[in-house]
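Let's take a relaxed look at this protein and its aromatic rings. Have the sequence and the 3D view ready.

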Amino acid sequence: MYQTLLSGHSFIRWLVLLSLLYSIYLAYKGYSQKLPFTKKVNVIRHWTATIAHIQLLFGILVYVQSPIVKYFWRNYKDAFSNLDASFFGIIHIFLMLLAIIVITIGSALAKRKLLDEQKFKTMFLWFSIALLIIFIAIPWPFSPLANRPYFR
């Protein structure tokens with residue numbers, strides 16, 4: 001079951017990244033060109049947050065099943081010196097939770113703004129911050145913190 005969850009979590013990462021990139025693009029375009037905040041953009045804003053929350057659920061399930069995380073919490077004094085264990089035990093989950101919180105706040109704030117320009121600006125700012133956090137927290141193959149393949 002762990003491998004299935006991990007594969008799902010790895011796959012959904014790409015959906016999160018694509019939806020965030022597309023939302024940021026739409027927000028930038030809408031703000032810079034003073035476009036109306038259409039129902040389509042609102043649906044994309046909503047689904048970006050929803051996909052991120054689905055990824056969070058997968059991530060929590062992977063976290064509680066992970067042998068690396070279990071090792072980290074059983075041996076946390078020694079595990080802090082192991083960058084791989086520290087990354088997955090603390091850093092990854094903390095940064096990803098922070099990113100999900102940022103996406104959720106940004107989505108909620110954008111939804112409640114009255115002017116279209118404010119909606120786009122809010123969505124662009126908060127989603128961009130979340131994307132930056134996510135880029136840092138993903139264990140890319142080239143990451144100095146912990147590296148994993150692009151696809152599981």
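Which residues form one aromatic cluster? They are W14, F135, W140 and F142. W140 has a charged partner too: the charged end of R13 sits over its ring, 5.9 Å from the centre (this needs NZ of Lys or CZ of Arg within 6 Å of the ring centre and within 35 degrees of the ring normal).

A quick word on the ground rules: this is a predicted model, where local features need pLDDT of at least 70 and side-chain atom pairs count only at pLDDT 80 or more, while totals for chains, interfaces and linings use all residues. Residues are numbered from 1 along each chain as its sequence is written, and side-chain values use heavy atoms, with hydrogens and water left out.

Searching the whole structure turns up nine aromatic pairs (rings of Phe, Tyr and Trp, for Trp the six-membered one, with centres within 6.5 Å; planes under 30 degrees apart are stacked, over 60 edge-to-face, the rest tilted). One of them is Y22 with Y25: the ring centres are 6.4 Å apart and the planes at 25 degrees, so this pair counts as stacked. Both tyrosines belong to helix α1 (residues 2–32), three residues apart, or about one turn of the helix. Helices here are DSSP runs of H or I with at least four residues, numbered from the N terminus.

How open are the two tyrosines? Partly exposed lies between buried (under 20% relative accessible area) and exposed (over 50%), using a 1.4 Å probe and protein chains only.

| Residue | Relative accessible area | Class |
|---|---|---|
| Y22 | 36% | partly exposed |
| Y25 | 45% | partly exposed |

Technical notes: Helices (H or I, at least four residues) and strands (E, at least two) are DSSP runs, numbered from the N terminus.
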